[in-house]
Amino acid sequence: MYPAETTDPQPSDTDPATARAVVFTLTSSAAGSEREDTIAVEAPLELRIGGRPVTVLMRTPGHDEELVTGFLFGEGVIADADDIIAFERPDAERANVLNVRLMVARRAFNLDRPFYSNSSCGICGKRSLESVELHAPAVQSSLTISRTVLTELPERLRAAQPVFARTGGVHASGLFTAAGELVAVREDVGRHNALDKLVGRALNEGQVPLSGRVLLVSGRVSYELVQKAVAAGIPVLAAVGAPSSLAVELATRFGITLIGFLRPSGMNVYANPRRVVD
């Protein structure tokens, strides 16, 4: 028998990235059962610049300042973390509002983007083809990485994903050295958010351009992930899933080594294979 009603998920008291929900589990061979489950949190973050609302980011709470730093950098609003004077929570009761005070805005952000950005697409809602076009130099790096090291990275990334382990509901982006050492990882319901958090962290530590790092992302690779990698100067972008045609085109054009279907048994290299060595 199905439950008479369900209740909204309840946020965790200790982990803002997860919540508890009552689920009714059905199988083909047994009666249904009711139990509690841990799920990933998706919540809106209203971003304000100088007190003015400019967009809403659907994200997993946690590392919000890194997310906004990376997001504004990818959008060309800031050139580095020093352009940010301060982050402010306008209301202590509203954890999902973040105001940023900037020294200089590199361009008029609100003229080019609608007031809402969903967690599944980093560029959805752009108003023109010109606004999607990437204006950046090609990535310059002498980094090489062995294919043996590459095939070990997915397992290392998976082992560093605590929210995914508990929920199965978030993406991850991880930065590695050419020797395969994990430098940092971030998780989020949005794959582009996870990367923005990672880039924001690197900006705060003065590490951009990331010309000596390898980026591994969970899931597929679409245009916006390559776009963000180009902006951050990352020479190698690998994924456990497939790339889109536009992702391959952009990586080829801007000198990024693009790898898809990365597995312990091998990989597909779609662009600039010279950095993958035996």
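The paragraphs below lead through a predicted model, beginning with the protein as a whole and then turning to one helix, its two partners, and a few individual residues.

Seen as a whole, the protein contains 7 helices and 15 strands, and its chain runs to 278 residues, of which 50% are buried. The accessible surface comes to about 13200 Å², and carbon and sulfur atoms account for 52% of that surface. If one considers the contacts between residues with a separation of 6 or more, 50% of them join residues that lie 24 or more positions apart in the sequence.

A useful place to look more carefully is helix 6, which covers residues 223–232. How many of the 10 residues of helix 6 are buried? The count is 9, so helix 6 is largely enclosed by the rest of the structure. The buried residues are Y223, E224, L225, V226, Q227, K228, A229, V230 and A232, a list in which the charged residues E224 and K228 appear beside nonpolar ones such as L225 and V226. Just after the helix comes G233, whose phi is positive, near 70 degrees.

Helix 6 has contacts with two other helices, and the first to consider is helix 5, made of residues 191–204. The axes of helix 5 and helix 6 come within 10 Å and cross at roughly 10 degrees, and because angles under 35 degrees count as roughly parallel, helix 5 is described as roughly parallel to helix 6. On the side of helix 5 the contact is made by R191, H192, L195, D196 and V199, while helix 6 contributes E224, L225, K228 and A232. Sorted by class, these residues comprise 4 nonpolar, 1 polar and 4 charged.

The other partner is helix 7, residues 245–254, which packs with helix 6 at an angle of about 20 degrees, the two axes being 8 Å apart. Helix 6 and helix 7 are therefore roughly parallel to each other as well, and their crossing is right-handed. Here helix 6 takes part through Y223, V226, Q227 and V230, and helix 7 through L246, A247, L250, A251 and F254. This contact has 8 nonpolar residues and 1 polar residue, with no charged residues.

Helix 5 also leads to a residue in a strand, namely S173, which lies in strand 9 (residues 171–176). Is S173 buried or exposed? Its relative accessibility is 1%, which means that S173 counts as buried. Apart from neighbours within four places in sequence, the residues in contact with S173 include R191, A194, L195 and L198, and among the others are L157, V185 and L216.

Finally, some details of the backbone deserve attention, since most residues other than glycine have a negative phi, and most peptide bonds are trans. The peptide bond from V208 to P209 is cis, with omega near 10 degrees, and P209 is placed in the loop between helix 5 and strand 11. H63, which is not a glycine, has a positive phi of about 60 degrees; it is found in the loop between strand 5 and helix 1, and because its relative accessibility is 43%, H63 counts as partly exposed. N272, also a residue other than glycine, has a positive phi near 50 degrees and sits in the loop between strand 14 and strand 15. With a relative accessible area of 16%, N272 is buried.

How values were computed
Residues are numbered from 1 along each chain as its sequence is written. This is a predicted model: local features need pLDDT of at least 70, side-chain atom pairs count only at pLDDT 80 or more; totals for chains, interfaces and linings use all residues. Side-chain values use heavy atoms; hydrogens and water are left out. Axes are lines fitted to C-alpha atoms, for helices over the stretch in contact, and angles run from 0 to 180 degrees between N-to-C directions. Helices (H or I, at least four residues) and strands (E, at least two) are DSSP runs, numbered from the N terminus. Angles under 35 degrees count as roughly parallel, over 145 as roughly antiparallel, 65 to 115 as roughly perpendicular and the rest as oblique. Contact means heavy atoms within 4.5 Å. Buried means under 20% relative accessible area, exposed over 50%, partly exposed in between (1.4 Å probe, protein chains only). A crossing is left-handed if the near helix is turned anticlockwise from the far one by less than a right angle, and right-handed if clockwise. Accessible areas come from the Shrake-Rupley method with a 1.4 Å probe; for residues, only the protein chains shown count as cover.
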